[in-house]
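Biologist: I've got this one open on my screen and want to know what backs up the labels people put on it. Can you walk me through them?

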Amino acid sequence: MRFTAIGRTAVTATLVIAAAACGGRGETGEGQATTSAAQGQCQGQQTTGITDTTLKLGGIYPLSGPASAYGDIPKGIKAYFDYVNAEKGGVDGRKVELVVRDDGYQPPKAVEEARRLVEQEQVFALFQTLGTPSTTATWDYTNQRKVPQVFVATGASQWGTDTEHPWTIGWQPNYVSEARVYAQYLKTEKPGAKVAVLYQNDDFGEDLFGGFKRAIEGTDVTVVAEQSYEVTDPSIEPQMRNLAESGADVFLNVTTPKFGSQALAADAKNTKWNPLHIVNNVAASVTVLKPVGFENVQGVVSSSYYKDPNDPQWADDAEMKLYKEKMAQYAPGADPNIPYHTFGWAVASSFHKALEAAPCKTREGLMESVRNLNNVQVDMLLPGVTMQTSADDAFPIESMQLMEFKGERWEVFGEVIDTRKEFGPLSN
């Protein structure tokens, strides 16, 4: 599959989702999105972008720019949809056309692309808008238009705590809970740790770093140095030099892939500073570590919640075998060992299950389903990790497991941590 840096990338994946007496079409004036409504038991609910045989979704990703590594995610999504459509008859009988747009990790561009997807492409839902800044820039618009913005590819805590945007919901563990896991690890394994932090100067970086600072309050773990960077910065080497001078024995790396690689490389280069290196999940892909040299990232710690395609413990796992087989068949140019492809497969499978369970195959029905997930099992998630939401808990996945880089791959260790049970819910 080839993605272009601008304009529409057509991803024709056929996914089928049942009718449930939800037909019907409406009309609007020129230049506005067509609105259609359901009949029967779902009367009055929105069916724009969905018919008895088709479903149209829109995704916004940084296919270019400083976060372009995430452009691998929609390849995994497309492979999953193509497989389901071609071999499983879709989901309840409808085929999906997935339209992918590139925002270059620029919030104004994300708004432009969201409008194009909703008003011109007439999508049923925005499935995955990647990045905290881009999603924050678009959620006022999608909620005003009452367009589902589901399973956004960002772990910002606001997707689950905000009550003013009911049409937007996350998927992956939120950054505050991830930060709590790292704080707990340090309190147990490295009490009295002195931590230096590099973080992206936006809502993403501040959310995870802020969560970490709150999690270590009242403990002997302290932050002794902090440096931020902008996504437009060419390098973070000056920040890394400043952090190294702190003499911290732990380095918390809160970055996106490009800067994650730079920070790992700077850490490896400075042989006089040898902290325990913790890298956040969104920059923990082997594609981030490999350019640094696997020999230079031994012992780095992170966390995860879905199966790593490079981990031999999943070699005979039925879902992993299916994933690798279908990636080879439907995305022959994509390396199935890149975890971002696996992420895409997992989130597509999650969407499949959520929409299949929707009481009405409408925009309202989809949102009802994603906010009422009852321990839904997704086979690409780690054992013990399920999707769970309720009226007062809008975080679908809140369990994760620590992992350490050894040899040429990550190795999970310890038990899966259910952050709801371990730390309590996040408050609004």
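Biologist: What does UniProt list for residues 54–406?

Modeller: The UniProt record, an unreviewed entry, gives them as "domain: Leucine-binding protein". Bear in mind that the model here is predicted. Over that stretch the chain is 39% helix and 18% strand, with 45 Å between the end C-alpha atoms.

Biologist: What makes the residues around Leu57, Phe151, Trp171 and Phe351 part of a nonpolar core?

Modeller: A core takes buried residues of the nonpolar kind, joined through side-chain atoms within 4.5 Å. The largest such set has 107 residues, and those four touch the most other members. Helix 11 (residues 339–356) gives the most to this core, nine residues. A second core of 14 residues, including Leu198, Tyr229, Met240 and Ala248, lies apart from it.

Biologist: Which residues is Trp171 in contact with, leaving aside neighbours within four places in sequence?

Modeller: Among them are Phe151, Val152, Tyr305, Phe343, Leu381, Met387 and Ile397. Contact means heavy atoms within 4.5 Å, so each of those partners has an atom inside that limit of Trp171.

Biologist: Why is the space lined by Asn281, Val282, Tyr306, Tyr340 and Phe343 called a cavity?

Modeller: The word is used because a 1.4 Å probe fits there but cannot get out. The search finds three cavities of 30 Å³ or more, and the largest has a volume of about 350 Å³. Its lining has 31 residues, and the five you named lie nearest its centre. Helix 11 gives the most to that lining, with three residues.

Biologist: How many residues of each class line the largest cavity?

Modeller: There are 20 nonpolar, eight polar and three charged residues.

Biologist: And what lines the second largest cavity?

Modeller: Gln172, Pro173, Tyr175, Glu178, Asn281, Val282, Ser303, Tyr305 and Met400 do. That cavity holds about 50 Å³, and its lining has five nonpolar, three polar and one charged residues.

Biologist: Why is the space by Gly160, Ala391, Asp392, Asp393 and Ala394 called a pocket instead?

Modeller: Because a pocket is an open set of points, with protein on both sides within 12 Å along at least five of seven lines. The largest pocket has about 340 Å³ of space and 21 lining residues, with those five nearest its centre. Helix 4 (158–161), helix 5 (175–189) and helix 13 (419–423) each give two or more residues to the lining.

Biologist: How does the lining of the largest pocket divide by class?

Modeller: Into six nonpolar, eight polar and seven charged residues.

Terms used:
Residues numbered from 1 in each chain as written. Predicted model: local features only at pLDDT ≥ 70, side-chain atom pairs only at ≥ 80, totals over all residues. Heavy atoms only, no water. 1 Å grid on protein atoms, 1.4 Å probe; cavity = no way out; pocket = protein on both sides within 12 Å on 5 of 7 lines; lining within 4 Å. Points joined across faces, edges and corners; volume = space filled by probe spheres on them. Helix = DSSP H or I, 4+ residues; strand = E, 2+ residues; numbered from the N terminus. Nonpolar A, V, L, I, M, F, W, Y, C, P; charged D, E, K, R; others polar. UniProt positions renumbered as here; feature names shortened; annotations may be inferred. Buried < 20%, exposed > 50% of the residue type's maximum accessible area, 1.4 Å probe, protein only.
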